[in-house]
Amino acid sequence: MRRTYSVGAVCALPVLLVALLTGCQRGTGSAGEDGPVGNPAPSASSAYGAQFLAVDECSSFGTTSFGEVPCTSERAAARVIARYDGAVGDGPLCPSTTDFVLHISEQHPSRDEDGDGAVPQGYACMRNLEPPHPGDPGGGGGPRTIVGDCVYGSGGGQVRETACDGSGPHQPQYKVTEAVADRSQCPDSTSLYVQLGGAEPVGCARRV
(Lines give C-alpha, C1' and ligand atoms only; values in the text may rest on other atoms or scores of the structure.)
Protein backbone atom coordinates (compact mmCIF):
# COMPACT_ATOMS: atom_id res chain seq x y z
CA MET A 1 0.00 0.00 0.00
CA ARG A 2 1.42 3.41 -0.93
CA ARG A 3 1.61 5.83 1.97
CA THR A 4 1.67 9.62 1.88
CA TYR A 5 2.96 11.87 4.65
CA SER A 6 3.38 15.59 5.08
CA VAL A 7 6.90 16.79 5.75
CA GLY A 8 8.84 20.01 6.03
CA ALA A 9 12.54 20.46 5.31
CA VAL A 10 14.95 22.79 7.06
CA CYS A 11 18.36 23.59 5.67
CA ALA A 12 19.57 26.97 6.96
CA LEU A 13 20.62 27.81 10.51
CA PRO A 14 20.35 31.02 12.46
CA VAL A 15 22.73 31.07 15.41
CA LEU A 16 21.79 32.58 18.75
CA LEU A 17 24.32 35.06 20.03
CA VAL A 18 24.18 35.02 23.83
CA ALA A 19 26.80 37.58 24.86
CA LEU A 20 28.80 40.62 23.79
CA LEU A 21 25.87 41.86 21.70
CA THR A 22 22.85 43.27 23.46
CA GLY A 23 19.23 42.34 22.80
CA CYS A 24 20.17 38.90 21.49
CA GLN A 25 17.35 36.72 20.24
CA ARG A 26 16.95 33.73 17.95
CA GLY A 27 17.37 34.76 14.33
CA THR A 28 14.45 34.64 11.99
CA GLY A 29 14.38 32.60 8.83
CA SER A 30 13.78 29.09 7.61
CA ALA A 31 15.66 27.31 10.37
CA GLY A 32 16.66 27.45 14.00
CA GLU A 33 19.20 25.73 16.18
CA ASP A 34 17.33 22.73 17.56
CA GLY A 35 15.11 21.80 14.67
CA PRO A 36 13.28 24.87 13.54
CA VAL A 37 10.16 24.62 11.49
CA GLY A 38 10.75 25.05 7.77
CA ASN A 39 8.49 25.61 4.82
CA PRO A 40 6.40 22.44 4.52
CA ALA A 41 6.56 20.35 1.39
CA PRO A 42 3.09 19.27 0.22
CA SER A 43 3.74 15.56 0.59
CA ALA A 44 6.20 12.70 0.82
CA SER A 45 5.50 9.17 -0.28
CA SER A 46 6.85 5.85 0.93
CA ALA A 47 6.71 2.41 -0.57
CA TYR A 48 9.79 0.93 1.09
CA GLY A 49 10.42 -0.40 4.59
CA ALA A 50 8.21 -0.74 7.66
CA GLN A 51 8.68 2.89 8.74
CA PHE A 52 8.72 5.98 6.59
CA LEU A 53 12.33 7.21 6.40
CA ALA A 54 13.83 4.85 8.97
CA VAL A 55 17.56 5.01 9.77
CA ASP A 56 19.73 4.19 6.72
CA GLU A 57 16.85 4.68 4.28
CA CYS A 58 17.09 7.33 1.58
CA SER A 59 14.99 10.14 0.19
CA SER A 60 14.74 11.82 -3.17
CA PHE A 61 14.59 15.57 -3.69
CA GLY A 62 11.83 17.20 -5.64
CA THR A 63 10.33 20.61 -6.18
CA THR A 64 7.06 19.68 -4.46
CA SER A 65 7.77 16.61 -2.34
CA PHE A 66 10.30 14.32 -0.70
CA GLY A 67 9.88 10.65 -1.52
CA GLU A 68 11.42 7.59 0.10
CA VAL A 69 13.43 5.64 -2.48
CA PRO A 70 15.95 2.77 -2.41
CA CYS A 71 19.43 4.08 -1.65
CA THR A 72 20.65 2.42 -4.86
CA SER A 73 18.20 4.47 -6.94
CA GLU A 74 19.48 7.24 -9.19
CA ARG A 75 16.88 9.46 -7.50
CA ALA A 76 18.37 8.90 -4.00
CA ALA A 77 19.80 12.17 -2.68
CA ALA A 78 20.09 11.90 1.11
CA ARG A 79 20.27 9.20 3.80
CA VAL A 80 18.60 9.11 7.23
CA ILE A 81 21.29 9.11 9.93
CA ALA A 82 18.89 9.39 12.88
CA ARG A 83 15.09 9.19 13.27
CA TYR A 84 13.00 10.27 16.27
CA ASP A 85 9.33 10.45 17.17
CA GLY A 86 7.72 13.64 18.43
CA ALA A 87 8.52 17.30 17.82
CA VAL A 88 12.09 18.40 17.22
CA GLY A 89 12.04 20.80 20.15
CA ASP A 90 11.05 18.00 22.53
CA GLY A 91 13.38 15.29 21.22
CA PRO A 92 17.11 14.55 20.97
CA LEU A 93 19.39 16.73 18.89
CA CYS A 94 20.31 15.45 15.46
CA PRO A 95 23.92 14.30 14.97
CA SER A 96 26.32 17.20 14.64
CA THR A 97 27.00 16.75 10.91
CA THR A 98 23.33 16.53 9.87
CA ASP A 99 22.81 18.46 6.63
CA PHE A 100 19.05 19.07 7.07
CA VAL A 101 15.99 17.82 8.96
CA LEU A 102 12.73 16.49 7.57
CA HIS A 103 9.72 17.07 9.83
CA ILE A 104 7.04 14.38 9.49
CA SER A 105 3.50 15.38 10.41
CA GLU A 106 1.24 13.06 12.38
CA GLN A 107 -1.25 11.22 10.18
CA HIS A 108 -4.22 8.92 10.87
CA PRO A 109 -4.79 6.80 7.77
CA SER A 110 -7.02 3.75 7.78
CA ARG A 111 -3.91 1.59 7.62
CA ASP A 112 -0.27 2.31 8.33
CA GLU A 113 3.05 0.52 8.71
CA ASP A 114 2.36 -1.10 12.08
CA GLY A 115 -1.38 -1.54 11.72
CA ASP A 116 -2.47 0.77 14.55
CA GLY A 117 -4.10 3.32 12.27
CA ALA A 118 -1.72 6.18 13.09
CA VAL A 119 1.59 7.57 11.90
CA PRO A 120 3.27 9.46 14.75
CA GLN A 121 4.80 12.88 14.39
CA GLY A 122 8.56 12.68 14.02
CA TYR A 123 11.67 13.97 12.33
CA ALA A 124 14.48 12.49 10.27
CA CYS A 125 18.06 13.78 10.42
CA MET A 126 19.40 13.70 6.87
CA ARG A 127 22.88 13.57 5.34
CA ASN A 128 23.39 14.26 1.64
CA LEU A 129 24.76 11.28 -0.27
CA GLU A 130 27.17 13.56 -2.12
CA PRO A 131 28.80 16.94 -1.35
CA PRO A 132 28.15 19.64 -0.51
CA HIS A 133 27.58 18.91 3.17
CA PRO A 134 26.37 22.13 4.84
CA GLY A 135 26.34 20.35 8.22
CA ASP A 136 30.11 19.79 8.20
CA PRO A 137 32.28 22.19 10.25
CA GLY A 138 32.49 25.45 8.33
CA GLY A 139 30.00 24.25 5.72
CA GLY A 140 27.68 27.20 6.19
CA GLY A 141 24.44 25.44 7.12
CA GLY A 142 22.84 22.47 8.83
CA PRO A 143 20.40 22.38 11.75
CA ARG A 144 23.14 22.67 14.41
CA THR A 145 26.02 24.99 15.12
CA ILE A 146 29.24 23.10 15.87
CA VAL A 147 32.92 23.80 16.47
CA GLY A 148 34.47 24.96 13.21
CA ASP A 149 31.39 26.84 12.00
CA CYS A 150 31.49 30.52 11.04
CA VAL A 151 28.86 33.22 11.53
CA TYR A 152 28.18 36.79 10.47
CA GLY A 153 26.15 39.60 12.02
CA SER A 154 22.73 39.69 10.40
CA GLY A 155 21.45 42.79 12.20
CA GLY A 156 19.30 43.35 15.25
CA GLY A 157 21.83 41.68 17.55
CA GLN A 158 21.64 38.39 15.64
CA VAL A 159 24.15 36.24 13.83
CA ARG A 160 23.73 33.55 11.18
CA GLU A 161 25.94 30.77 9.92
CA THR A 162 27.92 31.17 6.71
CA ALA A 163 30.61 29.18 4.92
CA CYS A 164 34.05 29.68 6.44
CA ASP A 165 35.73 29.68 3.01
CA GLY A 166 33.79 32.77 1.96
CA SER A 167 31.90 30.95 -0.79
CA GLY A 168 28.51 31.92 0.64
CA PRO A 169 26.61 35.17 0.06
CA HIS A 170 27.99 36.57 3.35
CA GLN A 171 31.60 36.73 4.50
CA PRO A 172 32.43 35.06 7.83
CA GLN A 173 33.07 37.39 10.75
CA TYR A 174 33.48 34.94 13.65
CA LYS A 175 34.49 31.29 13.97
CA VAL A 176 33.45 28.91 16.75
CA THR A 177 36.72 27.49 18.08
CA GLU A 178 35.59 25.61 21.20
CA ALA A 179 32.50 24.18 22.88
CA VAL A 180 32.36 24.42 26.66
CA ALA A 181 29.90 23.96 29.50
CA ASP A 182 30.15 27.55 30.78
CA ARG A 183 31.27 30.91 29.40
CA SER A 184 33.99 31.15 32.04
CA GLN A 185 35.78 28.27 30.30
CA CYS A 186 36.19 30.18 27.02
CA PRO A 187 39.67 31.54 26.25
CA ASP A 188 40.50 35.22 26.62
CA SER A 189 40.55 35.58 22.83
CA THR A 190 36.77 34.92 22.68
CA SER A 191 34.89 37.72 20.90
CA LEU A 192 31.38 36.36 21.41
CA TYR A 193 29.49 33.36 22.74
CA VAL A 194 27.17 31.27 20.59
CA GLN A 195 24.49 28.93 21.90
CA LEU A 196 25.16 25.39 20.65
CA GLY A 197 22.90 23.10 22.70
CA GLY A 198 23.91 19.66 23.89
CA ALA A 199 26.25 18.78 26.75
CA GLU A 200 28.57 21.71 25.99
CA PRO A 201 26.09 24.44 25.09
CA VAL A 202 28.41 27.46 24.86
CA GLY A 203 30.42 28.09 21.72
CA CYS A 204 33.51 30.30 22.08
CA ALA A 205 33.93 32.32 18.88
CA ARG A 206 36.74 34.60 17.73
CA ARG A 207 36.97 37.13 14.93
CA VAL A 208 38.28 35.94 11.57
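**Exercise 1. Which residues make up the largest nonpolar core, and which strands give two or more residues to this core?**

Step 1. Start with the rule: a nonpolar core is a set of buried Ala, Val, Leu, Ile, Met, Phe, Trp, Tyr and Cys residues joined through side-chain atoms within 4.5 Å. Buried means under 20% relative accessible area, exposed means over 50%, and partly exposed lies in between (1.4 Å probe, protein chains only).

Step 2. Now list the members: the largest core has 10 residues in all, namely Phe52, Leu53, Phe66, Ala78, Val80, Phe100, Leu102, Ile104, Ala124 and Met126.

Step 3. Next, look at the strands, which are DSSP runs of E with at least two residues, numbered from the N terminus. Strand 7, strand 8 and strand 9 each give two or more residues to this core, and strand 8 has the largest share with 3 residues.

Step 4. Another core, of 8 residues, lies apart from this one; among its members are Tyr174, Val176, Val194 and Ala205.

Before you go on, a word about the model: it is predicted, so local features need pLDDT of at least 70 and side-chain atom pairs count only at pLDDT 80 or more, while totals for chains, interfaces and linings use all residues. Residues are numbered from 1 along each chain as its sequence is written, and side-chain values use heavy atoms, with hydrogens and water left out.

**Exercise 2. What is special about the phi of Leu53, and where is Leu53 found?**

Step 1. Recall the general rule: most residues other than glycine have a negative phi, and most peptide bonds are trans.

Step 2. Leu53 is not a glycine, yet its phi is positive, at about 50 degrees.

Step 3. Find Leu53 in the loop between strand 4 (40-46) and strand 5 (58-60). Its relative accessibility is 1%, so Leu53 counts as buried.

Step 4. Asp56 is found in the loop between strand 4 and strand 5. Asp56 is not a glycine either, and has a positive phi of about 80 degrees.

Step 5. For the peptide bond part of the rule, turn to Pro131 and Pro132: a cis peptide bond joins them, with omega about 5 degrees. Pro132 sits in the loop between strand 9 and strand 10 (150-155).

**Exercise 3. Which residues do salt bridges join into one network?**

Step 1. Use the cut-off: a salt bridge is a side-chain nitrogen of Lys or Arg within 4 Å of a carboxyl oxygen of Asp or Glu. The structure holds 3 salt bridges.

Step 2. Begin with Arg83 and Asp85, whose side chains meet at 3.7 Å, N to O. Arg83 is buried at 13% relative accessibility, whereas Asp85 is partly exposed at 49%.

Step 3. Move on to Arg127, which forms a salt bridge with Asp99, their closest N and O atoms being 3.8 Å apart. Arg127 lies in strand 9 (residues 122-128) and Asp99 in the loop between strand 7 (76-85) and strand 8 (100-104), so this pair ties together parts that are 28 residues apart in sequence.

Step 4. Arg127 also forms a salt bridge with Asp136, with 2.7 Å between the closest N and O atoms. Because these salt bridges share partners, Asp99, Arg127 and Asp136 belong to one network.

Step 5. Check the accessibility of the two acids: Asp99 is buried at 1%, and Asp136 is partly exposed at 23%.

**Exercise 4. How many disulfides are there, and which pattern do they follow?**

Step 1. A disulfide is a pair of cysteine sulfur atoms within 2.5 Å. By this rule the count is 4.

Step 2. Cys58 and Cys71 form a disulfide with their sulfur atoms 2.0 Å apart. The torsion about this S-S bond is about 100 degrees, so the disulfide is right-handed.

Step 3. Cys94 is joined to Cys125, S to S 2.0 Å. This link is left-handed, with -75 degrees about the S-S bond. Cys94 lies in the loop between strand 7 and strand 8 and Cys125 in strand 9, so the pair ties together parts that are 31 residues apart in sequence.

Step 4. Cys186 is joined to Cys204, also by a disulfide. Its torsion is about -80 degrees, so this disulfide is left-handed.

Step 5. Count the bonded cysteines along the chain and you get the pattern 1-2, 3-4, 5-6, 7-8.

How values were computed: Helices (H or I, at least four residues) and strands (E, at least two) are DSSP runs, numbered from the N terminus.
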